[in-house]
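Let's walk through this fold by its side chains, going from ring to ring and charge to charge. Have the viewer open and follow along.

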Amino acid sequence: MKKLKYILLLLILLGAFVAKAQQETMYNMYMNQLLTMNPAYAGAKGVTSAAMLVREQLVGFKGHPSTQTISVHSPLSDQTGIGGSIEVDRIGDVGAITRTTLSGDYSYTITYPGERYLALGLKIGTTSYYATTSAVDVGSLGDMNDPQFLNDVKRPFLPNAGVGVYFSTPDYYLGFSTPKLISNRITVKDVETGTVSREEFHAFFMGGYVFDINRIVKFKPYFMVRMAMNSPMTIDLTAQFVLIDRLWIGATYRVQNSVGGLMQVQATDQLKIGYSYDLMTTEVGQYNKGTHEVFLSFDFSFGRGRVRSPRYF
């Protein structure tokens, strides 16, 4: 039974490559990781900002998906901004798959009257894929000479590029991006039939609004739509109440997938801490303990003046 679990897990993980599905990480607190999806967001906060997010998905499954992301971005001038991020995904225990993405971002902003900004962004990066399929003990449950199990997947350098648009005002924002425009092949080492899968074209559409209910309470609904080639569209809907500009409490719903809650605290004008938890609404949700995310960000002024707090976008 133990070997059978390993084989089933491996098939599921490889299926994530073979099926032309969502390959980009999906966050509950996606508003706090816009840079990883949209390069036009680089420098949008007006100060140097660093953020870290840790996501532990399907907790309770051995070898459950785990993601760690660190991003930094800053304005260079009133018109330009730069940024960079590193994202590490790991799935599995025996036969683990690891994906590491390094990205650099550049944005150019056009300013309109009324504090309205239109930013155009460019992303350049590289991804490495490793799947240690040779570590799986197939035993009597499969063909020990199957090249899919004898050879590891090793692609240390998969270059890519993306573009994005980000429009913001004091009350709302809208964005659209395609962070990966190149469909790199993912292959098995020394196997002529070779291609396990390829990176797929993804597109993101995002937006949000802040309503002033009174001096103490604000209401912030926002959304994220993800589209990938040959894959169903994914829609995230989120709403938060902002209390005295310090405490953010809300809920998130991924259509036909999961539901959860999130809370963030603006501990100081510069430091923000967040946590989210969700449960899948599909049958898989009965067999795991949900997904946890922890978020931390810090804004540096570096002589640019007082850090504006809170920042809603």
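Phe-219 is partly exposed, with a relative accessible area of 24%; on the scale used here, buried means under 20% relative accessible area, exposed over 50%, and partly exposed in between, with a 1.4 Å probe and protein chains only. Its ring partner Phe-241 is partly exposed too, at 41%. The two ring centres sit 5.0 Å apart with the planes at 40°, so the pair is tilted. For the cut-offs: rings of Phe, Tyr and Trp (its six-membered ring) pair if their centres lie within 6.5 Å, and planes under 30 degrees apart count as stacked, over 60 as edge-to-face and the rest as tilted. Phe-219 comes from strand 12 and Phe-241 from strand 13, 22 residues apart, so this is a link between distant parts of the chain. Strands (E, at least two residues) and helices (H or I, at least four) are DSSP runs, numbered from the N terminus.

Before going further, a word on what you're looking at. This is a predicted model, in which local features need pLDDT of at least 70 and side-chain atom pairs count only at pLDDT 80 or more, while totals for chains, interfaces and linings use all residues. Residues are numbered from 1 along each chain as its sequence is written, and side-chain values use heavy atoms, with hydrogens and water left out.

Back to the rings. Phe-219 and Phe-241 belong to one aromatic cluster, together with Phe-167, Tyr-172, Tyr-209 and Phe-211. Across the model, the count of aromatic pairs comes to twelve.

Strands 12 and 13 are also joined by charge. Arg-226 in strand 12 and Asp-236 in strand 13 (residues 234-243) are ten residues apart, and their side chains meet in a salt bridge at 3.1 Å, N to O. The term covers a side-chain nitrogen of Lys or Arg within 4 Å of a carboxyl oxygen of Asp or Glu. Arg-226 is buried, with a relative accessible area of 1%, and Asp-236 is buried at 0%. Arg-226 has a ring to deal with as well: it lies over the face of Tyr-30, 5.9 Å from the ring centre. To count, NZ of Lys or CZ of Arg must be within 6 Å of the ring centre and within 35 degrees of the ring normal. Elsewhere, the charged end of Lys-272 sits over the ring of Trp-248, 3.6 Å from its centre.

How many salt bridges are there by this rule? The count comes to ten. One of them pairs Asp-299 with Lys-45, the closest N and O atoms being 3.1 Å apart. Asp-299 lies in strand 17 (residues 291-300) and Lys-45 in the loop between helix 2 and strand 1, so the pair ties together parts that are 254 residues apart in sequence. Both residues, Asp-299 and Lys-45, are buried. Then there's Arg-99 with Asp-89, whose closest N and O atoms are 2.4 Å apart. Arg-99 sits in strand 4 (residues 97-112) and Asp-89 in strand 3 (residues 80-91). Arg-99 is buried at 6% relative accessible area, and Asp-89 is buried at 9%. With Glu-87 added, these residues are linked in a network of salt bridges.

Now for the nonpolar side. In soluble globular proteins, nonpolar side chains tend to be buried together. A nonpolar core here is a set of buried Ala, Val, Leu, Ile, Met, Phe, Trp, Tyr and Cys residues joined through side-chain atoms within 4.5 Å. The largest one has 26 residues, and those with the most contacts inside it are Met-31, Leu-34, Tyr-166, Tyr-173, Met-224 and Phe-313. Helix 2 (34-37), strand 1 (48-56), strand 10 (202-209) and strand 12 (217-228) each give two or more residues to this core, and helix 2 makes the largest share, with three. Leu-34 touches Tyr-41, Tyr-166, Tyr-173, Met-206 and Met-224, not counting residues up to four places away in sequence; contact means heavy atoms within 4.5 Å.

A second, separate core has six residues, including Ile-97, Tyr-129, Val-153 and Ile-186. Val-153 lies in strand 6 (residues 153-168) and is buried, at 3% relative accessible area.
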